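Q: I would like a close look at one part of this protein, with its surroundings worked out from the model. Please keep the account plain.

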Amino acid sequence: MTVKIDGNQGFIFNDNTVQGTAVSTSGLGTGQSWAAQTRSIGTWYQNSTSKPIMININRNGANGASNILYVQSTNVTATEIAARCSVVDYGGASAILSAIVPPGYYYQLTGTAPNYWWEFR
């Protein structure tokens, strides 16, 4: 199959079908940037945007400190673990939890309060 590019219509294939754009402009990263967030442990938040968002959470913890990051389609019962971490020594360990949250989905962090919470939105 051959493709010719027409500046007005997009890609026109040899069977005369037209594809208006070659790349989606609605996915993760398009028009988004990192922003620091203030969030509370144990509270459900919803991605109310039309795009996926990415979450990065950093925390330092003492021995036995742990976190679970949930990402799921409902905010009823936390069941779908996206990331989990535990600190098992006192060596100043740092942990990072990351997840992608689809549009309309909910997310929640349980456990130790984070040092930093960033979202790519």
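Which residues does Ala-78 touch, not counting residues up to four places away in sequence? Please also describe the strands around that part.

A: The model is a predicted one. In it, Ala-78 touches Trp-44, Tyr-70, Gln-72 and Gln-108, once residues up to four places away in sequence are set aside.

Ala-78 lies in the loop between β7 and β8. Its relative accessible area is 29%, so Ala-78 counts as partly exposed, the range for that class running from 20% to 50%. Tyr-106 is 28 residues away from Ala-78 in sequence, while the C-alpha atoms of the two are 9.8 Å apart in space.

Tyr-106 also has a place in the strand pairing: this residue of β10 is the bridge partner of Gln-72, and Gln-72 is one of the residues that Ala-78 touches. The two strands concerned, β7 and β10, pair in the antiparallel sense over six bridges. Strands of a sheet pair through backbone hydrogen bonds, either parallel or antiparallel. As for its surroundings, β7 has six of its seven residues buried, so this strand is largely enclosed by the rest of the structure.

Next, the nonpolar core. The largest one has 15 residues, and those with the most contacts inside it are Ile-57, Leu-69, Leu-97 and Tyr-107. Elements that give two or more residues to this core are β6, β7 (66-72), β8 (81-86), β9 and β10 (106-111). The largest share, four residues, comes from β9.

Leu-97 shows how these parts meet. Leaving aside neighbours within four places in sequence, Leu-97 is in contact with Ile-55, Asn-56 and Ile-57, with Asn-67 and Leu-69, with Ala-83, Arg-84 and Cys-85, and with Leu-109.

The pairing of β6 can be followed on both partners. With strand β9 (residues 94-101), strand β6 (residues 53-60) pairs in the antiparallel sense over eight bridges. With strand β11 (residues 116-120), β6 pairs in the antiparallel sense over five bridges. Ile-55 has a partner in each of these strands: Ala-99 stands opposite Ile-55 in β9, and Glu-119 is the bridge partner of Ile-55 in β11. Met-54 stands opposite Phe-120 in β11.

These pairings belong to an open sheet of four strands in the order β4-β11-β6-β9, with antiparallel pairing. The edges are taken by β4 (34-36) and β9, and each has a single partner strand, so one side of each is left without a neighbour in the sheet. On average, neighbouring strands of this sheet are turned by 20° against each other, direction ignored.

Finally, the chain as a whole. The protein chain has eleven strands and zero helices. Of its 121 residues, 28% are buried. Among contacts with a separation of 6 or more, 69% are between residues 24 or more positions apart. The accessible surface of the protein chain comes to about 7,200 Å², and 51% of this belongs to carbon and sulfur atoms.

To return to the request: Ala-78 is a partly exposed residue in the loop between β7 and β8, and its contacts include Trp-44 and Gln-108.

Technical notes:
Residues are numbered from 1 along each chain as its sequence is written. This is a predicted model: local features need pLDDT of at least 70, side-chain atom pairs count only at pLDDT 80 or more; totals for chains, interfaces and linings use all residues. Side-chain values use heavy atoms; hydrogens and water are left out. Two strands pair if DSSP finds at least two bridges between them. A nonpolar core is a set of buried Ala, Val, Leu, Ile, Met, Phe, Trp, Tyr and Cys residues joined through side-chain atoms within 4.5 Å. Buried means under 20% relative accessible area, exposed over 50%, partly exposed in between (1.4 Å probe, protein chains only). Contact means heavy atoms within 4.5 Å. Axes are lines fitted to C-alpha atoms, for helices over the stretch in contact, and angles run from 0 to 180 degrees between N-to-C directions. Accessible areas come from the Shrake-Rupley method with a 1.4 Å probe; for residues, only the protein chains shown count as cover.
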